[in-house]
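Let's work through some exercises together, one step at a time. Keep the structure open beside you and try each task before you read its solution.

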Amino acid sequence: MDFPENLRYTKTHEWITVGGTKAKVGVTEYAQKEISDVVFVELPKQGQAVQQAKMAAVVESVKAAFDIYAPVSGKITDANKALESNPALINQSPYTEGWIFELELSNPAEMNTLMTAAQYHEVVQQAPKH
Amino acid sequence: MPYLSLTEEEKKAMLGQVGVRSFDDLIMDIPASLRDPKINLPSSLSEPEVQDLISKLGRRNTTTRDALSFLGAGSYEHFIPAAVFEIIGRQEFLTAYTPYQSEASQGTLQAIYEYQSLMTELTGLDVSNASHYDGATSLAEAALVTLRHTDRPKLLVARSVHPHYRETIRTYLAGTPYKVEEFGFDEKGNFDREEFFAKLNADVAGVIFQTPNFFGNIEDLEGVSEKIRANGSLMILTANPLSLGLLKSPGEWGADIAAGEGQPLGLPMEFGGPYLGYFVTSKALMRRIPGRLAGLTQDADGKRAFCLTLQAREQHIRRERAGSNICSNQALCALAACVYMTLLGKNGIREIAEINWDRATYLRQNIAKLKNFEVDSTQSIFNEFRVKSNKPFAKIEEKLMAQGIFPGVALERFYPELKDQFLVCVTETKSRENLDWFVEALAKC
């Protein structure tokens, strides 16, 4: 499974990449496989404040709905509108076209609490198989 | 493990576990006088005695079959073809509960799907759910959808919406931070445009109108949905579904949600229930819909099949974040509505609606000629209208009921300012002779 080195990861399987004061967020390759076919994404509203580890979006598959948590605190600056017409982008391309939202960091130090690719890889290895 | 009552030993073990010696010790906090109260009931009766007692009690009711009834106000007397009861009385429909292993109940799902399809056509909107318990709860669920969807704190409700519906909405919102604000009506009983526009601000999540409204008036909603949309709010319309055979549909009025009472579609008045709440929305709100939704799909072999769909909305999947706790529907009543609409067909529904309008208008014209009663003959109505009496209505009601006529519903009960006004309903069940007799009886009051 592919976990790009340049991203940071959460235990709840989101990735984040920072450029300046803004960051893009999506779900990992592992998460998209677990979720299975995504049929709908409830995107956060622009300007909405989000808190680290609190719910920011919902990804719905044919079998369930999954909360997507904000890896760090901040304010939503953009959401991936392409997911509204093509939610399967999350399955097809979780790290690029399947990004979910963009936020402006309110506390950049929170980035230090996130995992590197190697650390996340470890977590996924230990996850129960089913 | 067999499911049997407890043995003395098991009781002892359980009491010991919680640290008391006897059952009396366990309930010692309950005052002794309440532990074994004398229940003041007569001694038991035999089966024939019970049957006799019950039918005596039953005979104290006067039904709309025993009298000439002009009662409406949310519950309507209509002719229901015998085939409706014949079909819904089949045991496969009558005794079945909500389908837990839903896809194994293809017949039930298909019936729901047909009902949903008919409701979308009737209301002019995109997606119908499998139904709610009644009009009031359906409308309250619609109100919740607008609050969640817009993330705003207030509902704006016309005072010309059925008083029971407004009460149910307030009950639903009791204990929440959400607020309900109302706007009034004018002399004619139509919603007050000025007050409505003045109250439509950035806090408003949804606006609720009823047409025909509680007074029977067809509201003029021209330009209303545009204003609501421009304000970022949603529009909910509740309408007598039978009136839609003749009148502009909620979809045509630009409503986002149509929710209300489905009783006129083949369900008897039956002391107020069981009834049927219909709930239909635009596609944009599809994922906010409460309750069950049947869908059409294909099975593994590519054959046509029915399923419950969009279930990720519901509480068994979404848990505490589900938009609603509704997880069942009013399946048998929805089926009755489905059969009724199917038997009537598109033209039949239009014809019934026309007859209702025609006879109500005829009665209104004739009441207009009476010197002790006033009606507004210029107001557009469907099958119900307001009458103002120059004499105390309670007296008139008493007099007419003694002759076997229910003259209508007193409005003062709901609107204290509408003294001696009453709501008269005329459906296809009233013949010209019936109407003439009523006018004659009124003339003598």
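**Exercise 1. Which kind of β-α-β unit do β3(B), helix α9 and β4(B) make?**

*Solution.* Step 1: find helix α9, residues 163-173 of chain B. Together with β3(B) and β4(B), helix α9 makes a right-handed β-α-β unit. Keep in mind that you are looking at a predicted model.

Step 2: check how the two strands are paired. Strand β3, residues 154-158 of chain B, pairs with β4(B) in the parallel sense, over five bridges. To see one partnership, select Lys154(B): its bridge partner in β4(B) is Lys179(B).

**Exercise 2. In what order do the seven strands of the open, mixed sheet in chain B lie, and which strands stand at its edges?**

*Solution.* Step 1: walk across the sheet. The order is β2-β8-β7-β6-β5-β3-β4, and the pairing is mixed.

Step 2: look at the two ends. β2 (127-128) and β4 (179-183) of chain B each have a single partner strand, so one side of each has no neighbour in the sheet.

Step 3: inspect the β2 end. β2(B) and strand β8 (residues 277-281) of chain B run antiparallel and are joined by two bridges. One residue to try is Val127(B), whose bridge partner in β8(B) is Thr281(B).

**Exercise 3. Now turn to the open sheet of four strands in chain B: what is its order, and which strands are at the edges?**

*Solution.* Step 1: read off the order, β11-β12-β15-β14, with antiparallel pairing.

Step 2: find the edges. They are β11 (373-374) and β14 (409-410) of chain B; each has a single partner strand, so one side of each is left free of a neighbour in the sheet.

Step 3: zoom in on β14(B). Two bridges connect β14(B) with strand β15 (residues 421-425) of chain B, and the two run antiparallel. Here Val409(B) stands opposite Leu423(B) in β15(B).

**Exercise 4. Into which domains is chain B divided, and how many residues does each give to the contact?**

*Solution.* Step 1: mark the domains. Domain 1 covers 68-78 + 345-443, and domain 2 covers 82-340. Their centres, taken over C-alpha atoms, are 27 Å apart.

Step 2: count the contact residues. Domain 1 of chain B brings 22 and domain 2 of chain B brings 21.

Step 3: ask which elements supply them on the domain 1 side. α13 (331-368) and β12 (384-389) of chain B each give at least two residues to the side of domain 1 that touches domain 2. α13(B) gives the most, with seven residues.

Step 4: sort that side of domain 1 by character. Its residues divide into 10 nonpolar, six polar and six charged.

**Exercise 5. Are Gln32(A) and Ser328(B) buried, partly exposed or exposed?**

*Solution.* Step 1: locate Gln32(A) in helix α1, residues 29-35 of chain A. Gln32(A) has 24 C-beta neighbours inside 10 Å; because a residue with 20 or more is buried, Gln32(A) counts as buried.

Step 2: see what Gln32(A) touches. Leaving out residues up to four places away in sequence, the list is Val27(A), Ile90(A), Asn91(A) and Pro94(A).

Step 3: locate Ser328(B) in the loop between α12 (315-318) and α13 of chain B. Ser328(B) has 13 other C-beta atoms within 10 Å, so Ser328(B) is partly exposed.

Step 4: widen the view. Of the 445 residues of chain B, 40% count as buried.

**Exercise 6. How many residues of chain A are in contact with chain B, and what are the confidence scores of the model?**

*Solution.* Step 1: find the contact. Four residues of chain A meet four residues of chain B. On the chain A side, three are nonpolar, none is polar and one is charged.

Step 2: read the scores. The model has ipTM 0.77 and pTM 0.88. Chain A has a mean pLDDT of 94, with 98% of its residues at 70 or more. For chain B the mean pLDDT is 94, and 98% of its residues reach 70 or more.

Step 3: compare the elements of chain A. Confidence is lowest in strand β7 (residues 65-69), at a mean of 93, and highest in strand β1 (residues 8-9), at 98.

How values were computed: Residues are numbered from 1 along each chain as its sequence is written. Chains are lettered from A and ligands numbered from 1 in the order in which they are written. This is a predicted model: local features need pLDDT of at least 70, side-chain atom pairs count only at pLDDT 80 or more; totals for chains, interfaces and linings use all residues. Two strands pair if DSSP finds at least two bridges between them. Two residues are in contact if their C-beta atoms, placed from the backbone, lie within 7 Å. Ala, Val, Leu, Ile, Met, Phe, Trp, Tyr, Cys and Pro count as nonpolar, Asp, Glu, Lys and Arg as charged, and the others, Gly among them, as polar. pLDDT is the predictor's confidence in each residue, from 0 to 100. Domain bounds come from an automatic or database domain assignment. A crossover is right-handed if, with the strands pointing away from the viewer, the path from the first strand over the helix to the second runs clockwise. A residue is buried if 20 or more other C-beta atoms lie within 10 Å of its own, exposed if 12 or fewer, and partly exposed in between; C-beta atoms are placed from the backbone.
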